Amino acid sequence: MVKKCLTLVRSKEGLFSSTQPNVLRITAMLPDHSDHSVLADEIPKDLMKPSNLHDIDDDIESDKPQEACGVFGVLAAEGDVAKLVYFGLYALQHRGQESAGITVYDDRGTTNTYKAMGLVSQVFNETILSSLKGSLAIGHNRYSTTGSSKVCNAQPIVVNTRLGDFSLAHNGNLVNATELRGELSAQGHALESTTDSEGIAFAVSEAVDEGQDWQAAIVTALRRCHGAFSLVMAMPNAIAGARDAYGVRPLVIGKTTDGSYVLASETCGLDIIGAEYVREVLPGELVIITIENGIQSLQWEESKPKLCVFEMIYFARPDSVMHDESLYTYRMRIGSELAKESPIDADIVIGVPDSGIPAAIGFSRESGIPYAEGLIKNRYVGRTFIQPTQAMRESGIKMKLNPLKDVLQGKRVIVIDDSIVRGTTSRKIVRALREAGATEVHMRISSPPVTHPCFYGIDTDSQDNLIASHESVAAIAKQIEVDTLAYLTHDAMLKATHIDTTHFCTACFTGKYPIEVPDKLKRTKLMLESTAP
Ligand code: SF4
């Protein structure tokens, strides 16, 4: 029997509801949260104010590839876990800042979901978290890579099935999303969001309702999906994690001392709640975890590892561990390789905060040129504003980088950054360094030139906007007004991982996409808008 459930969404237009069966739902749970949370469909006003900070008047991250999403889940023997999920999402905030959500299952398997636009700390407060009761919960931070920035696209996604509610949080991007949604719509499913993730949830519910058990239904659904997906899923009494065969996006398993199981995009999500790292979910693996049976594993597709190398260089937090070492260590190593490959005589080495700093320290150690902090970022602003449309970006808060004049005055400066996308921010940084008294500015980039867009869950702008897709290194150097410019080579980037160099996706540097990308997908990231209700 299909349950009827009430969908209530709080938006600027007020409450509206749906009683469709089997639909995405946002539980009607609207305590007074005006101090901390935001109305659905509304970007926080304080993030939209023009800033009066103007030293380097640019939002750095808008000129960087944008992360996709953070996913997190906890299964405990007893007690409420929503707060643990909150802290997990808080640690994963760098992976998506547009919306956040948590779905909990109570003892009877009934779900309760809260999700809204904004940062984790803005979406949730004590009142909301303490009303999310249950020992099983999953959560999601979102940056829109498929589907636009609306609360209906926030996750987790919850669908009703004959076996109970199924919920899902997705990091990645399907390359066959339109086809999958088309098939599901033709079969009568009422898709309500514009995301690819909803298609996965409905594919699972369809297989369950056709008679399959949870494991078989999830595998059936995964086999209909092509592209990048690291999923945290939940059903009554169990959480599950799955990765695509290439393992493009990370996903790890942890365990707390009291026996709770945790799934997280990165190990920093385990650390914050004191969980020990158990292992990663393997590419092509599905794990279903229950308190009674622990971790049950199924290799649902042959593993063909192609982790996104940009996770190593920039996306993931530096304190997260991949391949048995922190990314801070890897990033220092690529800085050192950069110094070997492209040495230059100078007085100081500085990094563009925060992501360029480990590589700058590595460059300094290898070259013997002193490391200095030449640019100070206002850490209290944080990464508060990643917004997907240009109009939103233009009205978004400006990130502040202050050059330290007494450090830079009269110095020949090597400045290290992790990537150049459009080049606009790089030029502003270079100008600011010169205005602060630098006599020479040499830029070194700890990745190869970004020449191709990503279709696996990272927003890298269209190819036309990628400066390295149509300009030589010399021309870029001229445009960003540096004395010299050099990038890390593709070989050095991969060798520095110290693992099999074929185990990475490097498509945004090479155009060689490990998962075939249909031509029509290359046109726009908002392609699903035309099929949205
Ligand atoms: Fe990562 Fe680039 Fe591959 Fe996208 S194309 S998954 S950003 S390496």
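## A first look around the fold

In strand S12, tyrosine 261 is the bridge partner of leucine 75. That pair is a handy place to start in this predicted model. It belongs to a set of four bridges joining strand S3 (residues 69-75) to strand S12 (residues 261-264), and the two strands run antiparallel.

Let's zoom out a bit. S3 and S12 sit within an open sheet of seven strands, ordered S5-S4-S6-S3-S12-S11-S13 and paired antiparallel. At the edges stand strand S5 (111-117) and strand S13 (276-280); each has a single partner strand, so one side of each is left without a neighbour in the sheet. On average, neighbouring strands here are turned by 15 degrees against each other, direction ignored.

Helix H2 (residues 82-91) packs on this sheet, where it touches S3, strand S4 (99-105) and strand S6 (136-142). Its direction makes about 155 degrees with that of S3. Which residues of H2 are buried? They are Ala82, Val85, Tyr86, Gly88, Leu89 and Ala91. The cover over these buried residues includes S3, S4 and S6, along with helix H3 (120-123), helix H4 (126-131) and helix H8 (267-271).

There's another open sheet to meet, made of six strands in the order S7-S8-S9-S10-S14-S15, again with antiparallel pairing. Strand S7 (157-161) and strand S15 (294-299) are its edge strands, each pairing on one side only. From one strand to the next, the twist averages 20 degrees. S7 and strand S8 (residues 164-174) are joined in the antiparallel sense by five bridges, and asparagine 160 has aspartate 165 in S8 as its bridge partner.

Here are the two sheets side by side:

| Sheet | Strand order | Edge strands | Average turn between neighbours |
|---|---|---|---|
| Seven strands, open | S5-S4-S6-S3-S12-S11-S13 | S5 (111-117), S13 (276-280) | 15 degrees |
| Six strands, open | S7-S8-S9-S10-S14-S15 | S7 (157-161), S15 (294-299) | 20 degrees |

Now for the inside. The largest nonpolar core has 50 residues, and Phe310, Ile313, Ile416, Tyr456, Met493 and Phe509 touch the most other members. Several elements give two or more residues to this core, including strand S16 (307-308), helix H10 (327-341), helix H11 (357-367), strand S22 (412-417) and helix H17 (490-495). Which element gives the largest share? That's H9, with six residues.

Take methionine 493 as one example from this core. Beyond its neighbours within four places in sequence, methionine 493 is in contact with Val309, Ile313, Tyr330, Ile334, Pro448, Leu488, Thr506 and Phe509. Another core, of 33 residues, lies apart from the largest one, and its members include Val159, Cys225, Ala242 and Leu286.

Some of these names come up again around the ligand. Phe310 and Tyr456 are among the residues there, as are Val248, Arg249, Cys308, Val309, Cys454, Ile458, Cys505, Thr506, Ala507 and Cys508. Helix H9 (309-315) and helix H18 (507-510) each supply at least two residues of this shell. By type, the shell divides into 10 nonpolar residues, one polar and one charged.

Finally, the whole thing at a glance. The protein has 18 helices and 25 strands. Of its 533 residues, 61% are buried. Among contacts with a separation of 6 or more, 71% link residues 24 or more positions apart.

Terms used. Residues are numbered from 1 along each chain as its sequence is written. This is a predicted model: local features need pLDDT of at least 70, side-chain atom pairs count only at pLDDT 80 or more; totals for chains, interfaces and linings use all residues. Side-chain values use heavy atoms; hydrogens and water are left out. Two strands pair if DSSP finds at least two bridges between them. Axes are lines fitted to C-alpha atoms, for helices over the stretch in contact, and angles run from 0 to 180 degrees between N-to-C directions. Contact means heavy atoms within 4.5 Å. A residue is near a molecule or strand if one of its heavy atoms lies within 4 Å of it. Ala, Val, Leu, Ile, Met, Phe, Trp, Tyr, Cys and Pro count as nonpolar, Asp, Glu, Lys and Arg as charged, and the others, Gly among them, as polar. A nonpolar core is a set of buried Ala, Val, Leu, Ile, Met, Phe, Trp, Tyr and Cys residues joined through side-chain atoms within 4.5 Å. Buried means under 20% relative accessible area, exposed over 50%, partly exposed in between (1.4 Å probe, protein chains only).
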